[in-house]
Structures are given as C-alpha cells and as structure tokens.
Amino acid sequence: MAKPPVFEGEVAFEAPNGGKPGSTWYKVHGNLDSSMPALIALHGGPGAGHEYLSPLTTLHERYGIPIVFYDQVGCGRSTHYREKSGDTSFWTFDLFTQELDNLVDHLKLRKDGFFVLGQSWGGMLGAIYATRHPEGLRKLIIASSPASVPLYVVGNDKLRSELPNDVKEALERSDHESSEYKEASELFYKKHVCRLDPRSADVEAAFKNLHDDDTAYLTMQGPSELVITGSLKDWEGWKVAHDIQVDTLVLNGKYDEMTDICVEPWVKAIPRVKWIKFENSSHMAHWEEPERFIEACGGFLSA
C-alpha cells in the first residue's frame with residue numbers, strides 16, 4: 001500500500017496583542033481533496049504539542065479521513081510567547097479559536113467541511129469553538145475533557161484520596177519543584193494520565209513540550225494537573241454547551257483524571273451527543289485502547 005501524502009507548512013497568525021509577527025505550524029496526513037472531510041486535531045495542555053496525537057493517523061488509513069495536526073501558539077514549532085507569562089488577557093479561548101479559524105481558512109476547509117477532535121484542553125477549546133457555529137464544522141469529538149473545571153477538581157480529589165498515604169502527603173506539599181512532589185505526581189500520572197509503561201516517545205514529547213515552554217499551561221492551568229490555579233480554575237463549559245449544534249461524541253476512560261463527574265455535564269447539555277467510556281484506559285485511550293478508540297471515532301465520523 002502506498003504511503004499517504006504528508007506535508008508540513010506554516011501559516012502567518014497575528015495573535016491579538018502579541019506584539020510580534022507570529023505563525024502556526026501544521027502537518028497534514030492525507031489528501032485534503034479527499035471525498036472525506038479533514039479532521040483537525042486539537043492537542044491538550046495547553047502547550048502539549050501535536051506529537052502525542054499521532055495514533056489518529058490510523059483514521060486516515062482505515063477510513064480515508066485526512067488528519068490535520070498543528071502546534072497551538074505557545075508550543076512546539078509555532079510562535080512562542082514566553083514574555084506573556086501570567087497574562088490572562090492574552091492566553092484566552094479567543095486567541096486559540098482565532099488561530100484555529102485562521103488555519104481552517106488557510107487550508108480552505110470551509111466549503112467541503114471539516115471535523116474537530118479535541119483531547120483534554122483541546123476538547124475544551126473544540127467545544128467553545130463549536131458553540132460559535134463556525135462555517136464548515138460537521139462533527140465534534142471531545143476526548144477526555146472536563147465540562148467543568150471545579151468538578152474536575154472534585155473528581156481528582158477523590159482519585160488522590162485513593163493513593164497511598166505517603167504519595168498523598170507529598171502531593172499536599174506546596175513545593176511543586178521538589179523531587180518528592182514530582183515523584184508523587186508521576187505515580188498519579190501513571191494511574192490516571194497514561195497507563196502505558198513505558199510511555200511511547202510521542203507521549204513523552206508532550207511532557208517535553210510542556211517542560212520546554214510552560215507559559216500557557218502555568219497561566220491557564222497551573223503548576224500541574226493536580227493544582228489548578230490558572231485562569232481556567234472556575235471554567236464551566238457545560239453552561240454554553242447547549243449551543244453546540246453538531247453531532248458530538250464524548251469520550252473518557254475508566255481510570256481517567258477526567259472522571260465521570262466532570263464529563264457527564266457535556267452529555268446533559270449538548271443536544272446531539274453520544275458518550276463512550278473506555279474500560280481499560282485513563283486519559284489517553286488513543287494509546288491505551290487504540291483499536292477501540294479508532295473504531296469509535298471512525299464509526300462516528302464516517303456515519
């Protein structure tokens with residue numbers, strides 16, 4: 001079988017109040033002239049980069065769906081804004097939805113339509129994007145994303161309560177740079193973020209991207225998955241989710257840091273929605289149960 005075409009590019013993007021010229025790096029797996037609409041993949045973080053979403057290329061191999069990966073500004077190969085650390089007026093949903101719209105227009109996807117899959121933070125972004133009824137959006141997949149950050153915290157508190165006492169004590173310390181805290185966080189991540197051992201190089205790339213530039217993550221999320229102090233701490237996306245007018249698939253894992261309590265509000269609020277839960281996965285079902293994940297997404301998108 002011939003390898004699908006893969007091409008990379010950059011599109012200029014003038015971030016509002018960015019103070020300098022910017023650009024978004026992207027990679028397309030497949031032919032955008034295909035009879036199937038393209039799927040745009042929105043990575044998590046913010047700041048995790050596109051690499052860990054690489055299993056989505058199987059959707060092209062099996063269903064003929066072209067895949068558009070990109071690094072959101074602030075990470076990877078796109079423009080970085082380290083000088084905007086702590087600037088909550090810069091790191092906003094508007095910034096990232098404008099960047100996404102800019103990419104859609106550059107790739108000329110409006111006429112034939114496109115799909116969006118957002119994972120973790122990317123699902124929050126995808127949901128808000130869908131509420132704005134962008135021209136051409138056909139379907140949405142929200143993968144392991146909270147509809148409510150306060151409920152995400154409630155769910156995480158329960159997960160933490162089930163950890164060994166010494167791990168719980170380490171996680172309660174305020175020094176998030178200490179070796180004890182980092183080791184305890186890693187134990188949590190192995191249970192509730194990615195249960196693969198060892199993790200793949202592409203998954204490790206997400207952690208590397210966040211380590212290389214945590215500006216957006218620190219500003220919007222906080223110092224870790226377990227400490228939410230950023231601008232998203234009070235976010236309640238479900239309150240506007242009734243404005244999502246496209247068919248939507250919501251996904252999470254049995255062991256996911258995105259527990260049912262913070263995912264279910266999507267299902268109650270979105271008019272046309274289906275919820276699938278992966279019984280052997282945490283936060284990265286696309287790695288932990290790739291066959292079932294691809295089957296679920298491919299079946300939904302091709303129906």
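**Exercise 1. Serine 120 and asparagine 17**

Task: In this predicted model, place serine 120 along the chain, give its phi, and decide whether it is buried or exposed.

Solution.
- Step 1. Serine 120 sits in the loop between strand S5 (114-119) and helix H3 (121-131).
- Step 2. Its phi is near 60°, a positive value in a residue other than glycine.
- Step 3. Most residues other than glycine have a negative phi.
- Step 4. Buried means under 20% relative accessible area. Serine 120 has 10% relative accessibility, so it counts as buried.

Task: Repeat the steps for asparagine 17.

Solution.
- Step 1. Asparagine 17 belongs to the loop between strand S1 (6-12) and strand S2 (23-29).
- Step 2. Phi is near 60° for asparagine 17, a positive value in a non-glycine residue.
- Step 3. Exposed means over 50%. Asparagine 17 is at 66% relative accessibility and therefore counts as exposed.

**Exercise 2. Cis peptide bonds**

Task: Which residue does a cis peptide bond join to proline 46, and where does proline 46 lie?

Solution.
- Step 1. The partner is glycine 45; omega of this cis bond is about 0°.
- Step 2. Proline 46 lies in the loop between strand S3 (38-42) and helix H1 (57-63).

Task: Give omega for the peptide bond from aspartate 197 to proline 198, and locate proline 198.

Solution.
- Step 1. Omega is near 5°, and the bond from aspartate 197 to proline 198 is cis.
- Step 2. Proline 198 is in the loop between H6 and H7.
- Step 3. For background, most peptide bonds are trans.

**Exercise 3. Helices H6 and H7**

Task: Check the length of helix H6 (residues 179-192) against its expected span, then find how its buried residues are arranged.

Solution.
- Step 1. H6 has 14 residues. At 1.5 Å a residue they should span 20 Å.
- Step 2. The end C-alpha atoms of H6 are 20 Å apart, which agrees.
- Step 3. The buried residues in H6 are Tyr181, Ala184, Ser185, Phe188, Tyr189 and His192.
- Step 4. They cover an arc of only 145° around the axis, so they lie on the same side of H6.
- Step 5. An α-helix has 3.6 residues a turn, so residues three or four places apart point the same way.
- Step 6. Their cover includes helix H4 (149-161), helix H5 (165-171) and helix H7 (201-212).

Task: Do the same for H7, and name exposed residues on its other side.

Solution.
- Step 1. H7 has 12 residues and reaches 16 Å from its first C-alpha to its last. That is close to the 16 Å expected at 1.5 Å a residue.
- Step 2. Val203, Ala205, Ala206 and Asn209 are buried in H7.
- Step 3. Down the axis of H7, these residues fall within an arc of 150°, so they line one face.
- Step 4. Ala201, Lys208 and His211 are exposed on the other side of H7.
- Step 5. Helix H10 (285-288) is included in what covers the buried residues of H7.

**Exercise 4. Aspartate 256**

Task: Which side chain of opposite charge is nearest to aspartate 256, and what does the side chain of aspartate 256 reach?

Solution.
- Step 1. Aspartate 256 lies in the loop between strand S7 (247-253) and helix H9 (260-269).
- Step 2. Aspartate 256 is buried and has no salt bridge. The nearest side chain of opposite charge is lysine 277, 9.0 Å away.
- Step 3. The aspartate 256 side chain reaches the backbone nitrogen of methionine 258 at 2.9 Å.
- Step 4. Beyond neighbours within four places in sequence, the contacts of aspartate 256 are Ser144, Leu159, His192, Ser281, Ser282 and His283.
- Step 5. One of these, His192, is also among the buried residues of H6.

**Exercise 5. Salt bridges**

Task: How many salt bridges are there, and which parts of the chain do selected pairs link?

Solution.
- Step 1. The count is 13.
- Step 2. Arginine 62 pairs with glutamate 291, with the closest N and O atoms 2.8 Å apart. This links helix H1 to helix H11 (residues 290-302), across 229 residues.
- Step 3. Arginine 82 pairs with aspartate 213 at 3.7 Å. The two residues are 131 residues apart. Arginine 82, at 47% relative accessibility, counts as partly exposed; aspartate 213, at 3%, counts as buried.
- Step 4. Aspartate 260 meets lysine 277 at 2.6 Å, N to O. Aspartate 260 is in helix H9 and lysine 277 in strand S8 (residues 273-278).

Conventions
Residues numbered from 1 in each chain as written. Predicted model: local features only at pLDDT ≥ 70, side-chain atom pairs only at ≥ 80, totals over all residues. Heavy atoms only, no water. Helix = DSSP H or I, 4+ residues; strand = E, 2+ residues; numbered from the N terminus. Buried < 20%, exposed > 50% of the residue type's maximum accessible area, 1.4 Å probe, protein only. Lys, Arg positive; Asp, Glu negative; His and termini not counted. Salt bridge = Lys/Arg side-chain N within 4 Å of Asp/Glu carboxyl O. Polar contact = N/O pair within 3.5 Å; in protein donor to acceptor, adjacent residues only side chain to side chain. Contact = heavy atoms within 4.5 Å. Expected span 1.5 Å × (residues − 1). Arc of directions from axis to C-beta.
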